Structure formats: structure tokens, C-alpha cells
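Hello,

Here is the structure we talked about passing on. Please load it before you read the notes below.

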Amino acid sequence: MIGIAFFIALEYREERSRQTEDTIKMAQSIMVHTDAHLLRTRDLARALAEVGDGLPGQLAAFRRQAAHLMSAAAAGGAAALYQADGSLFASLTGSGDPLAKTSAHAAAVAQVFATGQPFLSNVLAGAGAAGPVLAVYVPVTGGGKTTYALAIAVPASQLSAQLSDHKLPDGWLASLLDRQGVIMGRNRNAASLVGKPARATLREEVARQSVGTVEHLTQDGMRNFTVFVRSPETGYTSIIGIPRQQILMPLLQKLAFLGILVTLLFAAGLLLARRMGSSIARSFHVLIEQAYALGHGGAQARKPLHVLEAVQLGGAMEQAAELLRQRDADLRAQQDELQQFKFFSEHSNEMLLLLDERGAIRYANRMACERLGYRNGELLAMTLFDLDLPTAPELLRSVFDICRHSPHPPPPFERVYRCKNGSEFPVEISATVLQHRGEWLMHVAPRDISERRQAEQAVRWAAAHDALTGLANRTQALAFLESALARGPGWETGGSLLFIDLDRFKPVNDIHGHDVGDRVLREIAARLQACTAGRGLLARAGGDEFMLIMGDGNVRDPVRMADTIIRAVAAPVSLGNIEVALSASVGISLFPQHGETASALIHAADMAMLAAKQSGRAGARLYSHEMGEQAQFTLSVQHRLQQAIDHDGLRLHYQPIVNLATGLMDGAEALVRLEDGLAPQVGPATFIPIAESCGLIAPLGAWAAQEACRQQVAWEAAGLALTVSINVSAIQFRRAGFAAFIRELIASSGMNPRRLVLELTETAIMENLAESVAVLHEIRALGVKIALDDFGTGYSSLSSLSTLPLDKLKIDQSFVRRLETDHASRAVIDAVIALARSLDLELVAEGIETAAALHYLRERGCQSGQGYHFSRPLPAPGLEAWYGRQCA
Ligand code: C2E
Ligand code: MG
Ligand code: MG
């Protein structure tokens, strides 16, 4: 708008200056026109003056001439001749004086006479009867001097008419001013205003300059824009006045046009803007929806857009949305992976740590926090070096370097981590170094190996110690002895080995059970430890056997130590209301005197211990070489047994078992004999313990059982219906699969199981009571009978006897043999008979050597018996013969 206003103002100015110029030109043309009229009149007057030479005489001719010229020139004014004083000399065109005798007239005539030059007057008001005039004065010369002044009066109305002839636009004013600013002519209101002075403002302006413009209020009350031009020829001023209104009109019109145009344009613009606005708004709405959808990550249906930029923006937003969707999907996938990783990491039972190259902990899972005792935030503010104290940054860096340059992760390695509470625990570390977003990170999985370490320690400890007493075990003792024999530091002068065996320990187990036995062993171990503290190595060699290995082979020391030990063991052991009295037999061997190897020394000490036992127990014996002879004997028996098993050197003898009531044999006990033809002859009481100690009891027992069964089947077939009793060693019975062996034995031999009796000692059964009972039940289920052999010698726990699945009790021969002489033995026999009866067990008395014994037993109701009184054990044919004699 400002631009348009400025433009209009400029236009107005130009229009106005153009109009001014045009008006000036118009005024000039009026001026020229007026000048031409007046100058023509002057020239006419001059021409008249030139013919006035003959005056005053030829006045008439002059008049004619003047009339002629005047009409030829069509000059409308009146002409007259004036004398120097201004008085009329003669009128040339009429009878009267055309000009009144005013001072202006007189001055004009005087000037003509004085200058001899023509003169144009100002408006002469009241000079003529017809109204204001102006006069053209020219000198008439005669005789070289001015004789008259010829004046032609031009009526001002003539000038006004001429001005009207110019056909100016309506409302325009054309006027002429004389040199004094009096109105000479006017195209409007001439009658009333010609002869009157123009407005002062105009006059002043006209006096100031010859060409110019002025705005003023005209005499007829119009506000005009006035242009004036003064003629240099006449000094008169031509004026054109344009009503201000008319000048402003085009401008106003233009303004109005512009206003309308602007209004129209504005309206059109408004419409367009409205349309565009609504299009933009719709587009924006769509874009907003799109942006909203984009912001919420949802998909937005494509809607039409109307604005190019909006379309471009929409396209860009769609691209952005697609990009966001893609990123979103990627992010979601990453998040899923991360959550998965986090889920598994957090629920892992393993500790997990993530470290950077400076050792800073960047991640720690729940397990790591729990195990180390830190809150997660605390761990994340820590470094590895706060947990793994000995680890230096250089070490960590080197692990990073190794991992970076190797395609395989390093093998697990072990460290020690410290918890918040200061406790430490060993860890096995699996480390993997990976590059993540340009950064190298180490994934550390420290596995707590405390339990493994403890287990290893426990295994190591168990391998070297006795679980019951905590003492060193046989293996450790052997190793210790080996190293002592190597004569390392402290063993330069040799040493000693004490073999300690508890006397009468077995009955403790049998009577009080293994729990008590174990507690007794622990107590004894503690006492031994107290005696031997700091002196060599104390070990439990097995069962009730202990070993002490001491440095310095001085004899006195081990003997003194043995006495101390014997005294310590002799003190009764009290366990609640149970009191156990034990003793120890100690065998001592010295090295290097008694042997250079561990086994030789142990054997020597063992021999010495056995000797101590044989010489009444609760004593100590130093090994002597004679003891070695016993060992030699044992070895030879061992050898003979092996040979006999391998080369059919064993035989079975059968001792009849007689029904005491009928006196008839109803069974036989199979007793093994070593018949290898070598001297000395050894009986089962000697070789069975050796076979048990050297592992030959199993093949020996198996052979005896098979042979006995074979014999029974043979007798059965021969019509001799005998029950055969087989002795079963405790070692044999305790071996796994014993029941299956019996089952197989019966099946393979084809014998009637009811004809088989297994004789077991109390020791064999009581050792592991629960398991023994189960095995016995299994065997009895086959139909086989069980007899408890040597009853009365094993300090049986009478309370557990009732729970045993037994058929017979065999009262030990030692009681029966002493029956006649020993009152106590009789008492025992009586008690056992009563017991067997109450338990509904068949009682068999062994060792009946006399008829008196037979009588005593039969009288008291003992059912069966065996002994030399009936028969010694006999080979099978001998038994058959004996039986034959019996029946005969
Ligand atoms: P046992 O089972 O108590 O056998 C009875 C022992 O007493 C036999 O000794 C027998 O000859 C002996 N005897 C029988 N009647 C009398 C008598 O009136 N007076 C005397 N003084 N002794 C009599 P033997 O044959 O020397 O056997 C000794 C032990 O050897 C047996 O005692 C048994 O425990 C064991 N034994 C024998 N044969 C075998 C066998 O095949 N296997 C197993 N494991 N042990 C056997
Ligand atoms: Mg027996
Ligand atoms: Mg016996």
C-alpha cells in the first residue's frame, strides 16, 4: 500500500507538472494571441501614423485612410489623435473622444511625445463609454517630430471574447492582467471583474516572476491552480486558472480506481488466500496427522496433499516414517536381543561381568552382585582391580592383547576374587574379548570353584586320611615311610615304626554296635594323637590298627612311646552309660635294622605286634628275627594253599551230626583238609585264617561248597539222605553276590536245598547286621538252613539274636569239652539251651567227647550233637562206613 501510495503521489506530481507545462504552453499561446492582436493594432496605428504627415491639413483624408485601414485590419476599436497635452485633436472613427482624459491617458500621450515610441497602456477604467479599454499609442510625426499621438482604444471585452474563443475546458479560467495587475480580460464574469485588480496573492506572484504558478482564490470565489506567463513584448500577463477540483479529480479517480483495484485484488487475494489457506490447512492437517502418527510410531494412511511444499514435506515425512519404522524394527530387534541377553544373564547361575580395557566394570549380573555382596550400582563404579586384587592393569592389558590377536578365546584361568565383606573365593575365569561399537570389551564369566576346591581338598584329604578318626591313612603312612626310608632331612639316623593293634576291640563292635565301635576308635585315636603329638606320623592302618612312624632309630624312644600308648589306651573309655575297657598290643620295628622297605618294616612291626598279643596282650614287643620265621611259615602255608586249590590238593572230611534223642546221624559237617602230602600237616584252624588274610578264602570256600553239594547229591542218589553243613567264612559271606552264589550252587548241583545248612559265625553276621539279615532271608527263602557256629565265643548281642533269621545254634565246643569240669561252662550251656528253646532254634552241641557230656546234653533237651564221642571228621567213604556200622 505504501508503494502504491508512493506511486500515486509520484504520478500526481508528474501529472501536475505535465499539466503545469501544458497550461503554461496554453497561457503562452493566449499570450501570443493577445500580443498578436495588440501588436497588430499597434502596427495598424503605426501605419496610420505614417500617413499622418500631412496633418493637420489633410485630416479628412487621414480620416478616410484611417477608416480604410481600420476596416481592412478589422480593428474593432476607436481611433483618435491627441495633442501633446493629451487633449483630443481629432477622432478618426467617430465623433467622440474614445478615451477619457485620465491621468493615465495623459501620461501615455506625454510618454509617446517624449520617446517618439509606441506605448501600450494598462487597462483604462472609465476611459470609454463601452467599458474598460486599453489603448495603443503611436507617435504621428510631421517634419521630423512628433506632432500627434495616435491612439486606438481596444475594448477589454474584445480581449475577453478572444479568451473565450480559446475553448478552454469547462470551469477553466483564462484572464489577462495588465502590468499593474488589473484584469484586462476574462473568459468568465468579464463584465463585472475586468478593470478590477486581481487578487493580491496573484499580483504579488506575477510581479515576482514572469512565468509561474500559484494557487489562490479567484475573484469569483473559485480555488484555482493558476498558471501565468508575462509577455516580454507587452508586459501583460496571460493567466489560466484550473479549478483545483479538476486537478484533483484525475488523481482522485486514479485513487478510486486504484482503491477499487486494490480492493478487488485484495478480495481476489483474500479469496485465493482463503482457498490456499484451506488447502494449506488441509495439507497441514494431513501433515499434522502424519506427524502425529510419526510421533506415535504408527502407520498413517496416505491422504491427498494440495500444496507442493506440503507434498514434498509429506514425502519427506513418509521417508522419515519409513526410516523410523526401519530404525524401530532394528531397535526392537536390538532390544529383543538385549532383553534376551539380559534375561539369560540375570537368570544365569553363573556370574557375568563386562570390563573395558581400563578394567572398569561396565556390567554385572544379579549372580555377580549376590556372590560378591555388592549392589549393582556399587559394582558399576568399581574396577576389576577392586575384586581381583593381585591383577595389575598391565596383566589385563596383556589378556586383551592376546585375545585381540588370537581367533580363539584364552583357556580358562584361575584367580581369587574378594567380596565386599572381605571374604575371598577362588574363581575359574572364561574370558572373551569382543569389539563392540569400536570399543574392545571383555566378557568375563567367573565360575565360583570354591566347592570344587573344597571337593578337591576333601578328596585329597580323604585319599590321605582316615575318615573316621581324621588321622593319616595307610596310603599316607606308606608314602611317609617311603620318604623316611629315603633318609631325607631328619631321618639321617633312621627311625622306627610302631604297629598298634587294639586288643578285644572286635567284641566292642559286636556287643555295642558299630556306632559305639566308631566312637571308641575316635576316642582312642584322640588319645594316641595326644601321646604322639609332634612326634612323627600317626596313622590308622585299618580296623583297630594304628601306625606311628618316628624319626631317629634309637631303641629307647619307641619303646617308651609304646608304653605311653599302652597306658593311654588302657584307661577305660566312657561313652554315656557304656564303659569299654581296651588294651593295645604294640609291635616295633626299626630301620634300617629291621628292613629297608616299607613293606618289610610294616611286616616286621606286625610280627612283633602278633608276638605281643601272643604273649598276653597289652604289651609291646620289639621285632626280632625269630618272628620272621612265623612269617615264613605263613608264607609257605599260603603257597601250599594256592597249590592245593590249583592242583586238587584239598579234601573234605565229614563229621557226623547225631540226633541225641535217637542216636542216629541225620547230618554231617563238611570240614576242609589240606592233603598236599607236605609237612607239616596244617589243619583248617591254621590255614583258614591264612586263606582269609591272603585272599584265598574265596576259591577255597567255593570249592568246599561245590564239593560238599556234589557229595550230598551222590549220597542222596545212593539212598543216604544226609543234611550237609558247610562252613562259610565271614569274608565269603560279606562279599557281594553271596546269596546268588548259593542259588547257583543249588541249581548247578541239583541238590535239595533243604539238605543244606550254612554255618556262619556271629562275627560274620554282626559286622553289618542289616545287610546280613537281608542276605540270610534271601538264602532261607531258597529252603537252605542257617546255623550260628561257635555260639558263645563271640559275645553275642543277645538282643539282636531274636531278629536273626536262624534255624540252629551250634554251641561252641570249648564249653562242651569243659562241661564235666567247669561249672561256668555248664551254666553257659544251660542258658544257651534255654535261649534256643525260647527262640525256637535247634541246638547243636559241638565237641561231645564223652558219654557224660552226651548224657548231660541229651537230658537237658539238646537236639543234636557232634564230637569225637561219635566220630572224628572222616573222608566220605569213611563216613559211609561209619553210617553203615551205626545202622547195622
Ligand atoms: P568248626 O566249624 O567249629 O568245626 C568243628 C571243629 O571241631 C573241627 O575242627 C572238628 O574236627 C573239631 N571237633 C569236632 N568234634 C570235636 C571234639 O569232640 N573234640 C575236639 N577237640 N574237636 C572236635 P577242624 O576240622 O580242625 O576245623 C576247625 C575249624 O576250621 C572249623 O571249626 C571251622 O571253623 C573251620 N573250617 C573247617 N573246614 C572249613 C571249611 O570248609 N570252610 C571254612 N570256612 N572253615 C572251615
Ligand atoms: Mg562249623
Ligand atoms: Mg564250630
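The expected span of a helix is 1.5 Å times one less than its number of residues. This is a predicted model, so treat that as a check on its geometry: helix 20 (residues 697-717) has 21 residues and should therefore span 30 Å. Its end C-alpha atoms are 30 Å apart, which agrees. Just past helix 20, G719 has a positive phi of about 90°.

Next, the metal site. The magnesium ion (ligand 3) is held by D789 (OD), D790 (OD) and two OE contacts from E846, at 2.2 to 2.6 Å. Along the sequence, its donor residues follow the spacing D-D-x55-E. D789 also bridges to the magnesium ion (ligand 2), and the two ions lie 3.7 Å apart.

Are the two aspartates buried or exposed? D789 has 7% relative accessibility, so D789 counts as buried. The cut-off for buried is under 20%. D790, at 26%, counts as partly exposed.

Last, helix 28 (residues 851-859). Which of its residues are buried? They are A853, L854, Y856 and L857. Seen down the helix axis, these fall within an arc of 165°, so they line one face of helix 28. The general reason is that an α-helix has 3.6 residues a turn, so residues three or four places apart point the same way. The buried residues of helix 28 pack against helix 26 (813-817), helix 27 (823-838) and strand 30 (842-845). Just after helix 28, G861 takes a positive phi, here about 95°.

Best wishes

Note on methods:
Residues numbered from 1 in each chain as written. Chains lettered and ligands numbered in written order. Predicted model: local features only at pLDDT ≥ 70, side-chain atom pairs only at ≥ 80, totals over all residues. Heavy atoms only, no water. Helix = DSSP H or I, 4+ residues; strand = E, 2+ residues; numbered from the N terminus. Donors = N, O, S within 2.8 Å, 3.2 Å for Na, K, Ca; no water. Buried < 20%, exposed > 50% of the residue type's maximum accessible area, 1.4 Å probe, protein only. Arc of directions from axis to C-beta. Contact = heavy atoms within 4.5 Å.
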